[in-house]
Amino acid sequence: MSNPSLLILAGDGIGPEVMAEVRRIIDWFGDKRGMAFDVTEDLVGGCAYDAHGTPLHDDTMAKAQAADAVLLGAVGGPKYDALDFSVKPERGLLRLRKEMDLFANLRPAQCFDALADFSSLKREVVAGLDIMIVRELTSGIYFGEPRGIVTEGNERVGINTQRYTESEIDRVARAAFELARKRGGKLCSMEKANVMESGVLWREVVTKIGAADYPDVELSHMYADAGAMQLCRWPKQFDVIVTDNLFGDLLSDAAAMLTGSLGMLPSASLGAPMDNGRPKALYEPVHGSAPDIAGQGKANPIACILSFAMALRYSFDAGSEADRLEAAVAQVLADGVRTADLMGPDGGTPVTTTGMGDAVLAALDASL
Ligand code: NAD
């Protein structure tokens with residue numbers, strides 16, 4: 001049987017730097033755990049524009065469609081700011097998400113004990129936090145028609161439309177129920193059913209699926225504004241949260257920052273199952289290309305490393321190996337190993353991007 005395939009798109013800025021560390025970790029799993037991947041690398045974003053005049057070449061798109069999973073670094077940078085909107089680096093990423101139809105965006109908010117003092121909230125509120133926000137990614141108000149700026153009478157009107165079909169709600173809700181079943185068994189669905197018809201339908205569909213197919217998952221509903229408040233008040237009450245594109249955009253950013261540095265946050269975007277049963281999938285850190293620190297060995301590779309851990313769990317059915325990698329990261333942090341973004345009140349041992357990769361590899365070795 002052939003090895004599972006992984007397409008790596010390191011991108012721009014710190015993307016290639018953090019991805020170099022992930023490559024070493026991928027090789028470690030091949031050498032030490034017998035989990036070899038067929039890895040292909042290609043271009044996305046500004047570097048693809050430099051090479052091909054487009055932020056995502058059609059050949060690369062075809063490779064992404066065929067891969068068992070795609071791992072992306074980051075795109076963008078000041079060099080490309082003046083480009084036409086149609087060829088900006090971010091368009092490459094948007095095309096991947098759209099053409100792979102990645103409708104479920106998974107954003108974990110996990111607080112490593114060693115970093116609990118980095119949060120803007122009190123240690124007891126965030127220590128041990130481990131929640132997952134599932135944001136619908138391909139529909140809702142960012143895509144609904146009509147949209148635009150029109151003139152009515154003697155003034156202009158900006159229009160966007162919140163629109164959800166039952167099937168769009170159904171598929172993202174099922175993804176969230178499945179996750180809840182594998183995690184703590186609790187799902188909270190957030191919308192504004194009190195003031196929005198799309199929210200009424202959202203609540204109806206989620207309730208129906210829960211009763212019919214997931215009676216073992218404890219389902220609750222919350223208005224999204226109250227949800228935002230509860231996320232800041234006592235986030236540990238949640239396990240999995242499912243919500244629409246707009247509310248998910250806001251709530252996942254807020255929840256992520258409960259846990260400290262941008263350099264720590266992974267994400268996964270999942271689509272429908274392929275013929276082999278694996279979901280279409282793109283894994284990427286939440287951060288951008290960080291041009292202010294690119295090329296200086298300062299970037300924290302943990303967000304990208306944890307994105308690969310998500311790939312192990314959600315694409316390659318290797319949850320225990322994902323646990324091993326996450327535990328290695330937790331160990332390194334507990335040992336006080338710190339890239340510049342993690343240097344805080346507790347001091348710690350400063351390391352470069354490569355130094356952090358070395359430390360995670362050493363912790364992986366120690367886990368055997
Ligand atoms: P950014 O996430 O690149 O950087 C924000 C701040 O966080 C910077 O000070 C940066 O140094 C720091 N930072 C980010 N990642 C870090 C890491 N791994 N380790 C240490 N510090 C880190 O956001 P920005 O500055 O708003 O955007 C820069 C470029 O990235 C822009 O061109 C933007 O369009 C692009 N961008 C791309 C993505 C993506 O590829 N998914 C996401 C956001 C922004």
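How many residues surround the ligand, and which are the closest? Select the ligand and its shell: 21 residues surround it, and the closest are Val-75, Glu-90, Gly-288, Ala-290 and Asp-292. Keep in mind as you click around that this is a predicted model.

**Stop 1: the ligand**

With the shell still selected, try colouring it by residue class. You'll get 10 nonpolar, 7 polar and 4 charged residues.

Now pick out the polar contacts one by one. Start with His-287, where a polar side-chain atom sits 3.3 Å from a nitrogen atom of the ligand. Step along to Gly-288, and this time look at the backbone: one of its N or O atoms is 2.7 Å from a ligand oxygen atom. Then jump to Asn-300, again on the backbone, where a polar atom lies 2.9 Å from a nitrogen atom of the ligand. How much of the ligand does the protein bury? Taken alone, the ligand exposes 800 Å², and the protein buries 67% of that.

**Stop 2: Ala-290 and its loop**

Stay around the ligand and select Ala-290, one of the closest residues in the shell. Find it in the loop between β12 (279-285) and α10 (302-314). Check its backbone angles: phi is near 40°, a positive value in a residue other than glycine.

**Stop 3: Asp-317**

Where does Asp-317 sit? Follow the chain to the loop between α10 and α11, and you'll find Asp-317 there. Asp-317 isn't a glycine either, yet its phi is positive, at about 50°.

**Stop 4: α11 and its partners**

Next, select helix α11 (residues 319-334) together with helix α12 (residues 353-366). These two pack at an angle of about 120°, and their axes are 8 Å apart. That angle falls outside the roughly perpendicular range of 65 to 115 degrees and isn't over 145, so α11 and α12 count as oblique to each other. Their crossing is right-handed.

Leave α11 on screen and swap α12 for helix α1 (residues 15-33). Here the packing angle is about 125°, with the axes 13 Å apart. α1 and α11 are therefore oblique too, and α1 passes α11 in a right-handed crossing.

**Stop 5: α6 against α7**

Move on to helix α6 (residues 166-182) and helix α7 (residues 197-213). What angle do they make? It is about 45°, with 9 Å between the axes. This pair is therefore oblique as well. Turn the view so that one helix lies over the other, and you can follow α6 as it passes α7 in a right-handed crossing.

**Stop 6: a cis peptide bond**

For the last stop, select Glu-145 and Pro-146 and show the backbone atoms. The bond joining the two is a cis peptide, with omega at about 0°. Which strand holds Pro-146? Switch back to the cartoon and you'll see Pro-146 in β6, the strand made of residues 144-152.

Technical notes: Residues are numbered from 1 along each chain as its sequence is written. This is a predicted model: local features need pLDDT of at least 70, side-chain atom pairs count only at pLDDT 80 or more; totals for chains, interfaces and linings use all residues. Side-chain values use heavy atoms; hydrogens and water are left out. A residue is near a molecule or strand if one of its heavy atoms lies within 4 Å of it. A polar contact is a pair of N or O atoms within 3.5 Å; within protein, one must be able to donate a hydrogen and the other to accept it, and residues adjacent in sequence count only if both atoms are side-chain atoms. Accessible areas come from the Shrake-Rupley method with a 1.4 Å probe; for residues, only the protein chains shown count as cover. Ala, Val, Leu, Ile, Met, Phe, Trp, Tyr, Cys and Pro count as nonpolar, Asp, Glu, Lys and Arg as charged, and the others, Gly among them, as polar. Axes are lines fitted to C-alpha atoms, for helices over the stretch in contact, and angles run from 0 to 180 degrees between N-to-C directions. Helices (H or I, at least four residues) and strands (E, at least two) are DSSP runs, numbered from the N terminus. Angles under 35 degrees count as roughly parallel, over 145 as roughly antiparallel, 65 to 115 as roughly perpendicular and the rest as oblique. A crossing is left-handed if the near helix is turned anticlockwise from the far one by less than a right angle, and right-handed if clockwise.
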